[in-house]
Amino acid sequence: MNRKVTIIGAGNVGSTIAYTLAVSDAVNEILLIDLNSDKALGEAMDIDQGTVFCEPVTVRSGDYSDAAGSDIVIITSGVARRPGQSRLDLAQTNVDILKDITPKITEYAPDAVYIIVSNPVDVLTYVFCKISGIPESRVIGSGTILDTARLRSYIASHFSVNKTNVHSYVFGEHGDSMFIPWSVARLSSIDLVRYNNTYLRNKETEPLDFDAAFEFIRTSGAQVIEHKGSTFYAVAISAAHICKCIFSGTDTVLT
């Protein structure tokens with residue numbers, strides 16, 4: 001079965017999603033589309049030339065008409081957040097970009113599942129639902145899946161356990177108003193709050209500071225931007241994970 005993913009935007013996020021999908025064995029065909037066609041071509045060539053060592057997959061660039069037959073379309077286009085900016089600061093500019101893109105891609109890929117990654121992702125997902133004509137059941141915002149991954153990684157590091165044994169979530173907007181429902185957090189099957197307050201006996205491990213954990217998650221993206229200028233690896237892995245869940249039919253729950 002052919003599994004085709006079109007990615008709109010060949011910047012850091014879009015090209016890294018393409019690379020992650022190419023080496024994940026989850027897809028057979030990846031199409032990159034960007035206003036800067038030379039950039040899209042270069043990124044596609046660079047990734048495709050290494051896929052000789054992967055399961056069969058084709059990575060190429062093209063225009064909107066080439067997106068026909070796409071199973072999933074991932075939208076990453078928009079201006080990136082700069083140091084000191086909130087995600088909401090990008091709203092109007094990226095809404096305008098989305099309004100330009102939407103009719104061009106939906107004309108050729110009306111049956112695809114759409115994943116919105118561009119920020120502010122919740123606002124743009126709402127706008128896409130309103131203007132695209134695509135049923136809401138086939139529109140997914142990446143939401144707080146990245147924040148949830150950051151939280152699980154933080155907890156796992158603190159308690160020195162495998163990340164897959166941490167079951168916790170970040171809810172709400174992917175932005176400053178996100179929140180952590182600690183009441184449903186678990187270490188394996190153990191209630192995290194109870195473990196932290198009652199069962200913790202190893203003196204080498206300090207109890208988890210819930211406020212510090214939340215502050216780290218809330219500001220983590222800004223910290224990465226401050227250090228290296230932009231974030232793209234973790235969000236690319238998160239977006240690729242959504243694709244893998246869709247294609248494999250795992251019926252998993254994502255935030």
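A nonpolar core is a set of buried Ala, Val, Leu, Ile, Met, Phe, Trp, Tyr and Cys residues joined through side-chain atoms within 4.5 Å. With that in hand, welcome to this structure, which is a predicted model.

**The cores**

In soluble globular proteins, nonpolar side chains tend to be buried together. Here the largest nonpolar core has 30 residues, and the members that touch the most others are Val-5, Ile-7, Leu-21, Val-27, Ile-30, Ile-72 and Ile-74. Which elements give two or more residues to this core? They are strand 1 (4–8), helix 1 (12–22), strand 2 (29–33), helix 2 (37–48), strand 4 (72–75), strand 5 (113–116), helix 5 (145–159) and helix 8 (233–248). Helix 8 is the biggest giver, with 7 residues.

Leu-21 is a good place to start looking around. Setting aside residues up to four places away in sequence, Leu-21 is in touch with Val-5, Ile-7, Ala-26, Val-27, Ile-30, Ile-74, Ala-240 and Cys-243. There is also a second, separate core of 21 residues, with Ile-8, Leu-98, Ile-101 and Val-121 among its members.

**Helix 2 and a serine beside it**

Now turn to helix 2. Its 12 residues, at 1.5 Å a residue, should span 16 Å, and the C-alpha atoms at its ends are indeed 16 Å apart. Four residues of helix 2 are buried: Ala-40, Glu-43, Ala-44 and Ile-47. They lie on the same side of helix 2, because the arc they cover around the axis is only 95 degrees. An α-helix has 3.6 residues a turn, so residues three or four places apart point the same way. The cover over the buried residues of helix 2 includes helix 1, strand 2 and strand 3 (58–61). On the face turned away from that buried side sit the exposed residues Asp-38 and Asp-46.

Ser-15, in helix 1, touches two of these buried residues. Its contacts, not counting residues up to four places away in sequence, are Gly-9, Ala-10, Glu-43 and Ile-47. Is Ser-15 buried or exposed? Its relative accessible area is 8%, under the 20% cut-off, so Ser-15 counts as buried. The side chain of Ser-15 also reaches the backbone oxygen of Asn-12, at 3.4 Å.

**Charged pairs**

Side chains of opposite charge can pair when their charged atoms come close. How many salt bridges does a search of the whole structure find? The count is 8. Three of them are set out here.

| Pair | Closest N to O | Helix | Places apart |
|---|---|---|---|
| Asp-100 and Lys-104 | 3.1 Å | helix 3 (residues 91–106) | 4 residues |
| Arg-150 and Asp-147 | 4.0 Å | helix 5 | 3 residues |
| Glu-215 and Arg-218 | 3.0 Å | helix 7 (residues 210–228) | 3 residues |

The surroundings of these pairs can be read from their relative accessibility. In helix 3, Asp-100 is partly exposed at 43%, and Lys-104 is partly exposed at 35%. In helix 7, Glu-215 is partly exposed at 35%, as is Arg-218 at 26%. In helix 5, by contrast, Arg-150 is buried at 11%, and Asp-147 is buried at 0%.

Salt bridges also link Lys-4, Glu-29 and Arg-60 in a network.

Technical notes
Residues are numbered from 1 along each chain as its sequence is written. This is a predicted model: local features need pLDDT of at least 70, side-chain atom pairs count only at pLDDT 80 or more; totals for chains, interfaces and linings use all residues. Side-chain values use heavy atoms; hydrogens and water are left out. Buried means under 20% relative accessible area, exposed over 50%, partly exposed in between (1.4 Å probe, protein chains only). Contact means heavy atoms within 4.5 Å. The expected span of a helix is 1.5 Å times one less than its number of residues. The arc is that of the directions from the helix axis to the C-beta atoms. A polar contact is a pair of N or O atoms within 3.5 Å; within protein, one must be able to donate a hydrogen and the other to accept it, and residues adjacent in sequence count only if both atoms are side-chain atoms. A salt bridge is a side-chain nitrogen of Lys or Arg within 4 Å of a carboxyl oxygen of Asp or Glu.
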